[in-house]
Every structure is written in C-alpha cells, then in structure tokens.
Amino acid sequence: MLGLEIFHNLQQLAPNKYQGSLYNPDDGRTYDGQLELGLDGLIKMKGCVFGGVICDDDVWSPTK
C-alpha cells in the first residue's frame, strides 16, 4: 500500500479545503469527496455516493 495514490484531481475550494476523488483501499472504490487540512495536522475527509445522498467521513492524524 506504500505509495498508493488515494487523492485524485483535487481542486482547491478555499484555503486548506479541496474537492476531488478519494480512493478507499478498504473496499477498492473511488468516491467523490472533500478533504480539509487542519492547522493541528489533521486531515478531515468526507466521501459520498449517489450524488451526496450517502456520505461517510474520517479523520486522519499524523503519526508520531
């Protein structure tokens, strides 16, 4: 999984906020989504299907 590209075609919506395609390695599917880079180092992601009818989110924190 090292080197796997999980964010595709990101376009900046606002400072530290992007929209594009997010790959989920758990199920092998790609979703439309948004991500936000927090000043605290967190990456907040939200992926949706069916035109935004069903969405899920996740937060990643940096490793120490």
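**View 1. Met45, a buried residue of strand E4.** Met45 is buried, its relative accessible area being 10%. The cut-off for buried is under 20%. This is a predicted model. Met45 belongs to strand E4. Leaving out residues up to four places away in sequence, Met45 touches Phe7, Leu22, Gln34 and Leu35. Met45 also touches Asp56, Asp57, Asp58 and Trp60. Met45 and Trp60 are 15 residues apart along the chain. Their C-alpha atoms are separated by 8.2 Å.

**View 2. The open sheet of five strands.** In what order do the strands form the sheet? The order is E1-E2-E3-E4-E5, and the pairing is antiparallel. Strand E1 (7-14) and E5 are the edge strands. Each of these two pairs on one side only. From one strand to the next, the twist averages 25°. Strands of a sheet pair through backbone hydrogen bonds, either parallel or antiparallel.

**View 3. Strand E4 and its two pairings.** Strand E3 (residues 29-37) pairs with E4 in the antiparallel sense. Six bridges make up that pairing. Gly33 stands opposite Gly47 of E4. E4 also runs antiparallel to E5, and seven bridges join them. Here Lys46 faces Asp57 in E5, standing opposite that residue.

**View 4. The hairpin of E4 and E5, with Phe50.** Four residues lie between the strands of this hairpin. Phe50 sits in the loop between strand E4 (43-49) and strand E5 (54-60). What is the sign of phi at Phe50 in the hairpin? Phe50 takes a positive phi near 55°. Most residues other than glycine have a negative phi. Is Phe50 buried or exposed? Phe50 counts as exposed because its relative accessibility is 65%, and the cut-off for exposed is over 50%.

**View 5. A nonpolar patch on the surface.** Which residues form the patch? They are Phe50, Val53 and Ile54. Together they have about 360 Å² of accessible area. Phe50 contributes from the loop between E4 and E5. Phe50 has 65% relative accessibility.

**View 6. Ser21 in strand E2.** Strand E2 (residues 17-24) holds Ser21. Is Ser21 buried or exposed? Ser21 counts as buried, because its relative accessibility is 19% and the cut-off is under 20%. Setting aside neighbours within four places in sequence, Ser21 is in contact with Ile6, Phe7 and His8. Ser21 is also in contact with Thr30, Tyr31 and Asp32. Phe7 is also touched by Met45 of strand E4.

**View 7. Asn9, with a positive phi in strand E1.** Asn9 is placed in strand E1, one of the edge strands. Phi of Asn9 is positive, about 50°, although Asn9 is not a glycine. How accessible is Asn9? Asn9 counts as exposed because its relative accessibility is 65%.

**View 8. Asn16, with a positive phi in the loop between E1 and E2.** Where is Asn16 found? Asn16 is in the loop between E1 and E2. Its phi is near 65°, a positive value in a residue other than glycine. Asn16 has a relative accessible area of 32%, so Asn16 is partly exposed.

How values were computed: Residues are numbered from 1 along each chain as its sequence is written. This is a predicted model: local features need pLDDT of at least 70, side-chain atom pairs count only at pLDDT 80 or more; totals for chains, interfaces and linings use all residues. Side-chain values use heavy atoms; hydrogens and water are left out. Patches are made of residues with over 30% relative accessible area and no salt bridge: like charges are joined within 9 Å, nonpolar side chains (Val, Leu, Ile, Met, Phe, Trp, Tyr) within 5 Å. Accessible areas come from the Shrake-Rupley method with a 1.4 Å probe; for residues, only the protein chains shown count as cover. A salt bridge is a side-chain nitrogen of Lys or Arg within 4 Å of a carboxyl oxygen of Asp or Glu. Buried means under 20% relative accessible area, exposed over 50%, partly exposed in between (1.4 Å probe, protein chains only). Contact means heavy atoms within 4.5 Å. Two strands pair if DSSP finds at least two bridges between them. Axes are lines fitted to C-alpha atoms, for helices over the stretch in contact, and angles run from 0 to 180 degrees between N-to-C directions.
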